Each structure stands twice: as structure tokens, then as C-alpha cells.
Amino acid sequence: FSWSDGSSYKGAFADNDIHGDGTYIWKDGRRYDGQWDKSRMMGRGRFIWADGRIYDGQYDGDQKSGYGSFTWPDGRKYEGQWKSGKQH
């Protein structure tokens, strides 16, 4: 499915919401591969930014939450807990 803003989604829907497993790609090159619940990133997923940053881990309501790893383009890496989108 493609939107007029240039973003696209390939995956499952339920009741007209992005729901289940799928991949969302934003026009600016960001990409999320993972689980969705009512059009929100929820559960396990991988988010890749156009500049090469990568988060691989748990999401809750569109925010990094639980265990995950974040890798910067220069090779630095954080592995651990997240809460409300921030390292915890």
C-alpha cells in the first residue's frame, strides 16, 4: 500500500489498521520491519534510519521499550533496556 506522501507499507492489516507483521518505508528513507498493533510499532522490530543508525529490539506504542540494541554508523553500540524511547 502506498500513501500520497511517498511512504509505503507491505504487510498485514486488520480493521483498516496496520496490524501484525509488516514493513513501513518513509519517503526520507527510514524503514521499520516488525510487528504492528493498531498502526503503532509494537513488539519486536528493527528500525533503520537513512543515515545508517539501527535499532533492533522491542517496541511499545511506537517507542523503544524493553530490551534492544542501537548501533550508530561509526560502530558505537548500546545494548540494554529502554523505557519510553530512551536508554534506561
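A polar contact is a pair of N or O atoms within 3.5 Å; within protein, one must be able to donate a hydrogen and the other to accept it, and residues adjacent in sequence count only if both atoms are side-chain atoms. Thr23 offers an example, with its side chain making such a contact to the side chain of Asp33 at 2.6 Å. Please keep in mind that this is a predicted model, where local features need pLDDT of at least 70, side-chain atom pairs count only at pLDDT 80 or more, and totals for chains, interfaces and linings use all residues. Residues are numbered from 1 along each chain as its sequence is written, and side-chain values use heavy atoms, with hydrogens and water left out.

**Around Thr23**
- Thr23 belongs to strand β2 (residues 17–25); strands are DSSP runs of E, at least two residues, numbered from the N terminus.
- Leaving aside residues up to four places away in sequence, Thr23 touches (heavy atoms within 4.5 Å) Ser8, Tyr9, Lys10, Arg31, Tyr32 and Asp33.

**Aromatic pairs**
- The structure holds 18 aromatic pairs, meaning rings of Phe, Tyr and Trp (its six-membered ring) with centres within 6.5 Å; planes under 30 degrees apart count as stacked, over 60 as edge-to-face and the rest as tilted.
- Tyr24 and Trp26 form a tilted pair, because their ring centres are 4.5 Å apart and their planes stand at 55°.
- Tyr55 and Trp82 are edge-to-face, with centres 5.3 Å apart and planes at 80°.
- Tyr55 lies in strand β5 (residues 54–60) and Trp82 in strand β7 (residues 77–83), so this pair ties together parts 27 residues apart in sequence.
- Both Tyr55 and Trp82 are buried (under 20% relative accessible area, 1.4 Å probe, protein chains only; exposed is over 50%, partly exposed in between).

Conventions
Helices (H or I, at least four residues) and strands (E, at least two) are DSSP runs, numbered from the N terminus.
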